[in-house]
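Please read this report with the sequence and the model side by side, and look up each residue as it is named.

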Amino acid sequence: MFAPPSVRALLAQAGAFPLTLMTVWLLARSGVPMSWEGVALIQGGLAALLAWWLGLAVWWRGIELVFPSGVLLARGFDLPPSLFLGLFLLFLLVYWSTFRTQVPYYPSGRDAWDAVAGALPDDRPLAIVDVGSGLGGLVLDLARRRPDCRVDGIELAPLPWCVSRLRAALSGSRVRFLRGDYDTLNFGHYDAVFAYLSPAAMAGLWRKAEREMQPGTILLSYEFDIPGRMPDRRIVTTNSKKILYLWQF
């Protein structure tokens, strides 16, 4: 299935509609009482099943499931249209091209920062980049711990990128936050590349790393493994028990 995930999600909701009508009609013929809430649940359940059949990620299936009920609930509150426009713009600025990249916003947290800092070689200065740097927490933390290193972050979504730039300016940090797709970045300029992306992005990340990273450099991925590529190290984080995967080039 080559259509973008957003198109497949729309197809799932559209395809579920006639199935919902048929299901509701059959239930009504059988004497089963129906409500709008029940119809919304049927529509969401069928859309989630179609999303699974169309190969969408788990979180897309969850969206399909709750979307009809959410629309019904919103109608009950008689909310002004400007609120929906504002929420749409906010989510657009935060998630931006998630529909294309299949990489939603995942904040890494202190456990991941500690694990990454402990995994980095400490015998020489390093050039480090966080791909999909979000609000900039890992980048700023590493810069404080390793003043001998150059630490960059790259983020595609406008709002998280703006927040990270503001945080760096307010703290006086020397880190650099780039806005763009990490595909445009040359991994060959870095000694360590950190990623907290999504399962859908891992194969492409590996192909890029294998093509560009130099001998002696490391690729780090938090929580998500690369299928078919045995990591050189697995580091279990202290509190969350999530795994930091490390590949040595």
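## Glu223 and its loop

Glu223 is partly exposed, with a relative accessible area of 31%, in a model that is predicted. This residue lies in the loop between strand β5, residues 218-222, and strand β6, residues 233-236. Its phi is near 75 degrees, a positive value in a residue other than glycine. To see why that deserves a remark, recall that most residues other than glycine have a negative phi.

## Ser221 in strand β5

Ser221 is found in strand β5, and its relative accessible area of 0% means that Ser221 is counted as buried, because the limit for that class is under 20%. A polar atom of the Ser221 side chain lies 2.6 Å from the backbone oxygen of Phe224.

Which residues surround Ser221, if its neighbours within four places in sequence are left aside? Ser221 is then in contact with Ala195, Met202, Ile243, Leu244, Tyr245 and Trp247.

## Asp152 and its two arginine partners

Side chains of opposite charge can pair when their charged atoms come close. Asp152 forms a salt bridge with Arg150, in which the closest N and O atoms are 2.9 Å apart, and Asp152 also forms a salt bridge with Arg176, where the closest N and O atoms are 2.8 Å apart. The pair of Asp152 and Arg176 links distant parts of the chain, since Asp152 is in strand β2, residues 150-155, whereas Arg176 is in strand β3, residues 176-179, and the two are 24 residues apart.

Are these three residues buried or exposed, or something in between? Asp152 is buried, with a relative accessible area of 2%, whereas Arg150 counts as partly exposed at 38% relative accessibility, and Arg176 is likewise partly exposed, with a relative accessible area of 41%.

## Lys208, Glu212 and a wider network

The side chains of Lys208 and Glu212 meet in a salt bridge, with a distance of 3.0 Å from N to O. Lys208 and Glu212 are four residues apart in helix α9, residues 202-212, so they are separated by about one helical turn. Lys208 is buried, with a relative accessible area of 2%, and Glu212 is buried as well, with a relative accessible area of 17%. Elsewhere, salt bridges that share partners join Arg110, Asp114, Asp141, Arg144 and Arg145 into one network. The structure holds 11 salt bridges.

## Aromatic rings

Lys208 also takes part in a contact with a ring: the charged end of Lys208 sits over the ring of Phe187, 4.8 Å from its centre. Among the aromatic residues themselves, the count comes to six aromatic pairs, and ring pairs link Trp206, Tyr245, Trp247 and Phe249 into a cluster. Two members of this cluster, Tyr245 and Trp247, have already appeared among the residues in contact with Ser221.

## The chain as a whole

How many helices and strands does the protein chain contain? There are nine helices and seven strands. Buried residues make up 41% of the 249 residues in the chain, and Asp152, Lys208 and Ser221 are among the residues that are buried.

When contacts with a separation of 6 or more are considered, residues 24 or more positions apart account for 65% of them. The protein chain exposes about 13900 Å², and carbon and sulfur atoms supply 66% of that area.

Methods:
Residues are numbered from 1 along each chain as its sequence is written. This is a predicted model: local features need pLDDT of at least 70, side-chain atom pairs count only at pLDDT 80 or more; totals for chains, interfaces and linings use all residues. Side-chain values use heavy atoms; hydrogens and water are left out. Buried means under 20% relative accessible area, exposed over 50%, partly exposed in between (1.4 Å probe, protein chains only). Contact means heavy atoms within 4.5 Å. Accessible areas come from the Shrake-Rupley method with a 1.4 Å probe; for residues, only the protein chains shown count as cover. Rings of Phe, Tyr and Trp (its six-membered ring) pair if their centres lie within 6.5 Å; planes under 30 degrees apart count as stacked, over 60 as edge-to-face and the rest as tilted. A charge sits over a ring if NZ of Lys or CZ of Arg is within 6 Å of the ring centre and within 35 degrees of the ring normal. A polar contact is a pair of N or O atoms within 3.5 Å; within protein, one must be able to donate a hydrogen and the other to accept it, and residues adjacent in sequence count only if both atoms are side-chain atoms. A salt bridge is a side-chain nitrogen of Lys or Arg within 4 Å of a carboxyl oxygen of Asp or Glu.
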